Structure formats: structure tokens, C-alpha cells
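Work through the exercises below with the sequence and the 3D view open. Each task is followed by its solution.

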Amino acid sequence: MDNKFSNLPLRKGVGVVLLNNNNKVFVAKRIDNPNDFWQMPQGGIDKDENPLDAAFRELKEETSIKNVELIQEIQNEITYNLPNNLLGIIWKGKFKGQTQKWYIMRFLGTDKEINLKTNHPEFLEWKWIDIKNITDKVVDFKLHVYEKIKEELKKLIQT
């Protein structure tokens, strides 16, 4: 990490592992990355917001999905640092990375509820994938995050 960024704080964030009735995982492709990388819904925690409320809010803001139930909170926060080429750029240069609280949720709606054309779109397209594939198309600096999530999902669901 570039020394001029090493003293920056970590951003507080949340992530949502959304499972459908077949235990497939929701992933989406970001608008701002031309490469074939997919991620789960995630975002920052607003001031005075609790993490679970932030998770529900981020899910709705990014996907229009509201029809969910909480299955489980992943116990420990997971932290990642931004790569040097993104330091000072992402999040207006205020953070060196993110520490995230993750939640596993069940999608109770139908695919028709999913709409990426939100007020501030972040994703181009979405799909349901097998749990074993969630680490296949993730950006390098978040790979360990998705590996940890995969471990937690395997404990929860016999794949």
C-alpha cells in the first residue's frame, strides 16, 4: 500500500449473500468495471445506521429487492484493502479499504422483482450461480472475502 494512504481509515460496510429457493447465489456485474467481474450486493453503512438496516437498504437500492428474510449473520467482519491503483480514487479517496458485516438472506420473491435500473444504478446485469462458483469471477482484492463467504455457506448448506 502506498504510504500516503496507509493512515486512511477503513470504510464500514455491509454485504448480502442472497439465496434463492434452489440455494443459488445472486451476483451482479458492476457498471464501472468493464471486466467480467461479478459481486454480491454490498455498500456502506450510513451514520447512525445499524448494519442489518444498511444491508436491507443497500439490497433495495441496488436491486429493488425487498422481499427477503434473514437466515444468518456471518459472525466476524471481513476486511479488504484497495489495490494501489484504486487508492485515492474510490470513495472520494477517504478510505484505504473496507471492513464489512455480511448477512445471508433468502429471496422470497420472484425474479420479476429484481430491477437494476434504480435511481443510482450500479449493475449492468445479474444472475443466479452455484455457491461453488462465487469465487470464479471476483476482483482479486476481494477474493479472500468471497472465499470466507463460501466457507460459511458450505457450513449452512450441504452442497
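**Exercise 1.** Which strands do the buried residues of H1 pack against?

Solution. This is a predicted model, in which local features need pLDDT of at least 70, side-chain atom pairs count only at pLDDT 80 or more, and totals for chains, interfaces and linings use all residues. Residues are numbered from 1 along each chain as its sequence is written, and side-chain values use heavy atoms, with hydrogens and water left out.

Step 1: find the buried residues (under 20% relative accessible area, 1.4 Å probe, protein chains only). In H1 they are Ala54, Ala55, Arg57, Glu58, Leu59, Glu62 and Thr63.

Step 2: list their partners. The buried residues of H1 pack against S1 (10-19), S2 (25-30), S4, S5 (68-73), S7 (97-107) and S8 (123-129).

**Exercise 2.** Compare the span of H1 with the expected one.

Solution. Step 1: at 1.5 Å a residue, the 13 residues of H1 should span 18 Å, because the expected span is 1.5 Å times one less than the number of residues.

Step 2: the end C-alpha atoms of H1 are 18 Å apart, which agrees.

**Exercise 3.** Describe what flanks H1 at either end.

Solution. Step 1: at the N-terminal end, Asn50 acts as the cap, with a side-chain oxygen 3.0 Å from the backbone nitrogen of Leu52.

Step 2: after H1 comes Ser64, with a positive phi near 70°.

How values were computed:
Helix = DSSP H or I, 4+ residues; strand = E, 2+ residues; numbered from the N terminus. Buried < 20%, exposed > 50% of the residue type's maximum accessible area, 1.4 Å probe, protein only. Contact = heavy atoms within 4.5 Å. Polar contact = N/O pair within 3.5 Å; in protein donor to acceptor, adjacent residues only side chain to side chain.
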